[in-house]
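User: I am a first-year student, and I should like to study the cysteines of this protein. Could we proceed by questions and answers?

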Amino acid sequence: MGRVKGKSGPLARRPDNSAFKQQRLPAWSPMLTANTVLPFFYFMALICMLLGVWLLLMVQSTQEIKLDYTDASNCNICFEKRKNVSNAGESCSCKVVFSIERPFKGDVFFYYGLKNFHQNLRRYMDSRDDGQMVGRKKNLKNPSSYCEPFTRDQNGLPIAPCGAVANSIFNDSFTLTYHESNQNKFRVPLLRRGITWYTDKNVKFRNPRMDNLSLAQVFDGTAKPLYWHKPVYELDPIDPTNNGFINDDLIIWMREAAFPNFKKLYGVLHRANEPFIQGLPAGSYSIDISYNFPVQYFQGRKEVVLTTLTWFGGQNHFLPIAYLVTSSLILLIAVILTVVWCKFGKNGKNMEE
């Protein structure tokens, strides 16, 4: 049944076009006319324009200051010193002075930034052992082959944490100081804990089980990465609970950036005492830098960023500009369609062949 006699191919198997063999469902087929389409275009252009202006105002309300300290001021001495690999173990410090003209009100975030550092290379991103980072003791002493050649040190001890990502951790440190007009100095307090994602701190990164042992005993039999100054269980000498694989700086660094120019959170202003309750006051500041991270080998630059945030984030002009450009294009198309409709299609004039 259902075959059409004398025919072959796909049409031969098609059922008859009858109420018994075919279903017919009601459907809504809108009639797209100029009276319905053109108002929609103008409405969408207005919405995109309002969103773009609103987001642009939100971005402009944030305050941001960037300081490139790669070879600024007396940091050029450390910059030249880090060119020689043999000086990697020697400490070097420098200071950068700057001023804030308008006070930074509200929460202030302190970032460090790198330029021309490609964390998004496939080989680099794969050079890690997530099983080791989650606290598996089997992986602690037997790192994954993905970490090669950063799996074992010259003595054959397994490296913890292994891989190129952990080995290249950013290790500059900063101390921010506020200088009042009356020559008083205040060290700017920065919150260095609780700045990671919750899932990273509690799920993706965990220390191995202690079993009534100290953290140093748990990591006994492992070696620190080649370019590290301290083992992983001594990363934070002030807070013992911030050591091992759950160290905040380590976790933030291990989340690779998507672009070669990026910034990562270093700390958040602690607004508990004067004169920082309202934020960062205007005035003169200095940053004492422990200069450790070399950038000459990849022709990079280093910077610190002080910024305020809104619910929309920091100073990112891409989205508001995208909305404004989109609204302009939609408005242009709507005007062109309106002119064409008025000249050729209104009331059916000039449409006859």
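User: Is Cys342 buried, partly exposed or exposed, and what is its relative accessible area?
Analyst: Please note that this is a predicted model. Buried requires under 20% relative accessible area and exposed requires over 50%, with partly exposed in between. Cys342 is therefore partly exposed, because its relative accessible area is 43%.

User: Is Cys48 buried or exposed?
Analyst: The cut-off for a buried residue is under 20% relative accessible area. Cys48 has 9% relative accessibility, so Cys48 counts as buried.

User: How many disulfides does a search of the whole structure find?
Analyst: A disulfide is counted when two cysteine sulfur atoms lie within 2.5 Å. One of the pairs is Cys75 with Cys94, at 2.1 Å. Another is Cys78 with Cys92, at 1.9 Å. Searching the whole structure gives a number of disulfides equal to 3.

User: Which parts of the chain does the disulfide of Cys75 and Cys94 link?
Analyst: The sulfur atoms of Cys75 and Cys94 are 2.1 Å apart and form a disulfide. This pair links distant parts of the chain, with its cysteines 19 residues apart. Cys75 lies in helix 2 (residues 75-81), and Cys94 lies in strand 2 (residues 93-100). The parts linked are thus helix 2 and strand 2.

User: Is the link of Cys75 and Cys94 right-handed or left-handed?
Analyst: Both Cys75 and Cys94 are buried. The angle about their S-S bond is 75°, and the link is right-handed.

User: Why is the disulfide of Cys78 and Cys92 assigned its handedness, and which one is it?
Analyst: Cys78 lies in helix 2 and Cys92 in the loop between helix 2 and strand 2, so the disulfide ties together parts that are 14 residues apart in sequence. Cys78 and Cys92 are both buried. Because the torsion about their S-S bond is about -85°, the disulfide is left-handed.

User: Where do Cys147 and Cys162 lie?
Analyst: Cys147 and Cys162 form a disulfide, with 2.1 Å between their sulfur atoms. Their separation along the chain is 15 residues. Each of the two cysteines lies in the loop between helix 5 (137-141) and helix 6 (164-167).

User: What is the relative accessibility of Cys162?
Analyst: Its partner Cys147 is buried, with a relative accessible area of 0%. Cys162 also counts as buried, because its relative accessibility is 1%.

User: What is the pairing of the bonded cysteines?
Analyst: The bonded cysteines of the protein are numbered in sequence order. Cys75 is joined to Cys94, Cys78 to Cys92, and Cys147 to Cys162. The pairing is 1-4, 2-3, 5-6.

How values were computed:
Residues are numbered from 1 along each chain as its sequence is written. This is a predicted model: local features need pLDDT of at least 70, side-chain atom pairs count only at pLDDT 80 or more; totals for chains, interfaces and linings use all residues. Side-chain values use heavy atoms; hydrogens and water are left out. Helices (H or I, at least four residues) and strands (E, at least two) are DSSP runs, numbered from the N terminus. Buried means under 20% relative accessible area, exposed over 50%, partly exposed in between (1.4 Å probe, protein chains only).
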